[in-house]
Structures are given as structure tokens and as C-alpha cells.
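Reader: I'm new to this structure and would love a close look at a single part of it. Could you pick out one helix and walk me through what packs against it?

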Amino acid sequence: MMAAAQDSPVYLGFDFSTQQLKVVAVDGNLNVVHHNNVQFDSELPEFRTQGGVHIQADKLTVTSPVLMWVKALDLLLDKMKRAGLDFSRVRALSGSGQQHGSVYWKRGASETLKQLDPDQDLSQQLQGSFSVADCPVWMDSSSSQQCQDLQAAAGGALRLAEITGSRAYERFTGNQISKLRQTRPAEYREAERISLVSSFAASLFLGDYAAIDYSDGSGMNLLDIRTRDWSEVCLEATAPHLDRLLGAPLPSTSVLGPVSSYFVRRYGFCGSCSVVAFTGDNPASLAGMRLQQGDIAVSLGTSDTVFLWIQQPRPALEGHIFCNPVDWQAYMALLCFKNGSLTRERIRNECAGGSWEHFSASLRDTPLGNTGHIGFYFDTMEITPPAVGVHLFGPDDRAVSSLSPQVEVRALVEGQFLSRRLHAERLGYSIIPGTRVLATGGASSNTDILQVLSDVFDAPVFTIDLSSSACLGSAYRALHGLVAESGVPFFEVVKNAPEPQLVATPHPAAQEVYKQMLKRFARLEERVLQQTRP
Ligand code: XUL
């Protein structure tokens, strides 16, 4: 038995995230058999990053050194080897990267990648392979002018969203490429290929330039999410002949080829180990959570993030639609809400004496629908929707200046979840029989908050640990990549993964109460938006 287990196949999932490089190895039964990581700030101090990035003096430009990522991979593979991982068992590997970041390979780099010497580190050999040493990453917001130009060229923000799944965003790669071309033309001209962080990482394993996958490619404001090819109008508005620098995009489930001989000779990988297309961290998380049609994942953190599986997308001025990483015919959506935990903590302090216990008791002691009271709590300028301030309404839709503490606690929590549902539905999400709400993040440990979530969505709520979901999702995708071309669905391959835990089921009256309330909420939100519009 032991010998069989030791020889059994293993699948690796890497995650090149903002602050660290992580890996998990799963066996054929999806059990995690190894995990490891490299922290950029503390383990690679020579790059002097804080939180994995450099924030430039203008506070808008945020970059990460590309060689730090390469060196992190050298370090990580050495750690895995020292921990006794037998690389010859790895049948396939895949990975993810922070979305939107871009890497600029210098002319001649593809030759270097193809001829890597197994006696040397990757970082030694790739030192001269990048035309831009500091890569723009997702935290960058310095490309506002380029965003305006792209929207103008595409026929407006909504038109751009209809093509690419999102209106123009500063961090989206096309706008970063455009800015680089305008502000650092020499470095731009030196580039023979532009990768996303995900496809850059795949290129290291492949020993050749890896294609950008549809799903991460959707975070660039360049890909037409319906034809799944670069959009001519966006390419032209960004840079001439940009398609030559990007290469053709591929389905996220593609096998790109075998791992390069560098890894075979240096670490003992098997020559037939497949490299499956890498993707963005959010798409990889969706795979790690095994989100299915009808499911919605709600991450309750400093800001709240909502992930959705979408069949028929309706791109809007808010949120992002990406091609789905596990089913090429489907889509996923990502919505970000800035006023999450900090606002919940403020109301806990003001209305529940700073105690989560009292906060929970208020939720239990007030009825579903809060006797018609509704609140909007945008302590800081919200992303979804773009509004600011606290706005309270009584049962007759009239604005009120205050609510009793207990009613206020419920108004906040119901208001937050009604907003998550309203904006999800606007992007094409619909609750169907069998819908599950997957909750994660700090506030997901509070079962009374989750009960409200369950009631507002009229669906059962399950909790899930997301801390390694991008890595796990990458390992699952590696396994699926081997059989995807023969038509085996992703969910068939991951059906034995551990199930999330059921924590709340909806109250029988929930559907009736919140169907009505959602309509009122949408009307009142529109009123708030009109009042606060600059
Ligand atoms: C998504 C985004 C972030 C990064 C973080 O649009 O910008 O979630 O992917 O790694």
C-alpha cells in the first residue's frame, strides 16, 4: 500500500500572488500531500518590497520586480525538493497569478528560455531577459488618461464593457500597456512578448512563451469575451500590432505542452509532465471552490467580494465579467464592495456596545424585512454602486435620520446582502433551485450574519476556507487539463474533493419578504445615487 501511495500521481498548483508564491500538491484523490510557500518581503529582502510591491512617489504607480518572482520560484522548488517531494510523480501542473499584472520579455528571451542550463538557477539565467524590470501590478491606478482614451475609442464605457466584460479600469493590462508605450517607449520597443503574471509563470515551466488563457485574458480590456479573441478596436486603441506581442489566447483548460527539460534535469520531473494553462487568481479560486452554475461565493472581509458563475452575461458599468476558467461556454463575474467589515465593526461599536454577541442578538431579535426599514451604509466612497454616505429609510420610503440600535444592526446587514444580490442579478446572475451561497472571510464565522445572508438569497449557506483556493483550484485544473480535451467536465474530476459545511438554511418566509424588499431596495438605491451624484 505504502509503495503504491509513494508512486501515485501528483498534481501541482502554484499561485504567484501579490505577497507570496505558494504551491500545493494533491494526489489523484484530491488529498493535499504537500504545501509550501515563499514570502517575498522576508525571504527575498534584496528586492525591498513591502507587501510584495513598490509604491512609487506618486502613490498611483505600483510595481513588482519580475526577477523577484523568478527567484521565488528557484527558492520554492528547492524547498519542495528538500522537503522530499518526488517530482517524478507530478503528472501535470498548473497555476495562477495575481490578475492584470504584465511582464515584458526582451528580444532574445525566448531563445534563453529554450536553452536553460540545469546547473544554474533560473534567476541567474533570466537576468537579462526582461525589458521592464518593474512590472505594473493590479494595485496600480496610474493609467486614468489611457482608460479615458480607450473608452472614447470603443464608443463609450458601456460599449467597452459589452465587448471586454468591464469598463476601462486603471489596473487592467491594456491600459497599462498603453501607458508604458507612451511613457517608456524605448523599453516598450525592446519587448518581443508581453505576458500576464499567469502566462509568464507558465512560460518558465514550459521553456517557451505560454499563451494567455481566456479567463485571465478577460482582465485586460482587450479580449472580446464572446468571440474569445482580441478585440480589433481595443488592440488598435492600445498599441499598433499588439496582437503579435500578446500571442493568440487559448482556452483555460489547454495543455500547453510538457515541462521543459530544465525541470526534468534539475529537479527530476518526468519528461511527460504536462503544463496546463495558468490563469488569474480569482478564476483559479472559482475552480478551487468548485463553484457551479447557480452558486454564489461571498467573501466577507475588509471589502466584500462576490464571485458568480454566469451562463448569460450582461456586462455593466460595475463589476467584471470574465470567461469561465473551467467551462469555456460559461462566464464568471466578480464584484467588489468596499464597505464591508469596517462598517460592520462601526455599527457593532455604535449599536451593540462593541460586542459581536450583542450584534448577533439584535439580528435574532428583529424580524425578517426589518419592519420595512432599509439602510445604505457607504462610510467611504463605494465601488458598487458609486455612492457615499449613510442613507436610512422608513417603511413608507421616507428618509429618516436615525434608527433604534437593534433595527440599525439589521438594516446594515440586510442592506449589505440585498446590495450583493441586486448587483449580482444585474450582471446576469439568477438564483435557481439548488443554488448554494458559499461564505468565506472573517465575518463568515458569525452564524447570525450568515442566517441573514441565507434569508436574503433564499438559499442555503455553506462556509469554505478560501486561503488556499487559488492554489487548490490550480492543482484541480492541472488534473482536469489532462482529460478536458476528451470532453470530461471539471466537476466529474473534482467530485471527491472535501465538501463545504452547511451553516444556515433560509426561513420559510424569506422568499416572499425579500422578493418585495429587493424591488424597494433597487428603487431607493437609485434615489441615493441621484442624491449623491456629483
Ligand atoms: C481582481 C484584482 C485582484 C487581484 C489580486 O480584479 O485586481 O483581486 O487579482 O491578486
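**Helix α18 and its surroundings**

Author: Let's begin with the wider setting: between domain 1 and domain 2, the rule finds zero salt bridges across the interface. Keep in mind that this is a predicted model. The two domains cover residues 10-283 for domain 1, and 290-467 + 500-534 for domain 2. Their centres, taken over C-alpha atoms, are separated by 33 Å. To the contact, domain 1 gives 25 residues and domain 2 gives 21 residues. Together they bury about 1,800 Å², with 57% of that on carbon and sulfur atoms.

Now for the helix itself. Helix α18 runs over residues 405-426, and we can look at how it packs with α16 and α17.

Take helix α16 (residues 341-351) to begin with. It packs with α18 at an angle of about 170°, and the axes are 9 Å apart. Angles over 145 degrees count as roughly antiparallel, so α16 and α18 are roughly antiparallel to each other. On the α16 side, the contact is made by Thr343, Arg344, Ile347 and Cys351. Facing them from α18 are Pro405, Glu408, Val409, Leu412 and Gln416. Sort the residues of this contact by class and you get five nonpolar, two polar and two charged.

Helix α17 (residues 356-365) meets α18 in another way. Here the axes come within 8 Å and cross at roughly 85°. Since 65 to 115 degrees counts as roughly perpendicular, α17 and α18 are therefore roughly perpendicular to each other. From α17, the residues in contact are Phe359, Ser362, Leu363 and Asp365. From α18 come Gln406, Val409, Arg410, Leu412 and Val413. This contact divides into five nonpolar, two polar and two charged residues.

Put the two contacts next to each other and you'll spot a couple of familiar names. Val409 and Leu412 of α18 are in the contact with α16, and Val409 and Leu412 are also in the contact with α17.

One last stop, back to salt bridges. Side chains of opposite charge can pair when their charged atoms come close. The interface of domain 1 and domain 2 has zero of these by the rule, but a search of the whole structure finds 21 salt bridges. Glu43 and Lys79 form a salt bridge, with their closest N and O atoms 2.8 Å apart. This pair links distant parts of the chain, 36 residues apart: Glu43 sits in helix α2 (residues 40-43) and Lys79 in helix α3 (residues 66-82).

Key. Residues are numbered from 1 along each chain as its sequence is written. This is a predicted model: local features need pLDDT of at least 70, side-chain atom pairs count only at pLDDT 80 or more; totals for chains, interfaces and linings use all residues. Side-chain values use heavy atoms; hydrogens and water are left out. Axes are lines fitted to C-alpha atoms, for helices over the stretch in contact, and angles run from 0 to 180 degrees between N-to-C directions. Helices (H or I, at least four residues) and strands (E, at least two) are DSSP runs, numbered from the N terminus. Angles under 35 degrees count as roughly parallel, over 145 as roughly antiparallel, 65 to 115 as roughly perpendicular and the rest as oblique. Contact means heavy atoms within 4.5 Å. Ala, Val, Leu, Ile, Met, Phe, Trp, Tyr, Cys and Pro count as nonpolar, Asp, Glu, Lys and Arg as charged, and the others, Gly among them, as polar. Domain bounds come from an automatic or database domain assignment. Buried area is the accessible area (1.4 Å probe) that two parts lose on being put together, summed over both. A salt bridge is a side-chain nitrogen of Lys or Arg within 4 Å of a carboxyl oxygen of Asp or Glu.
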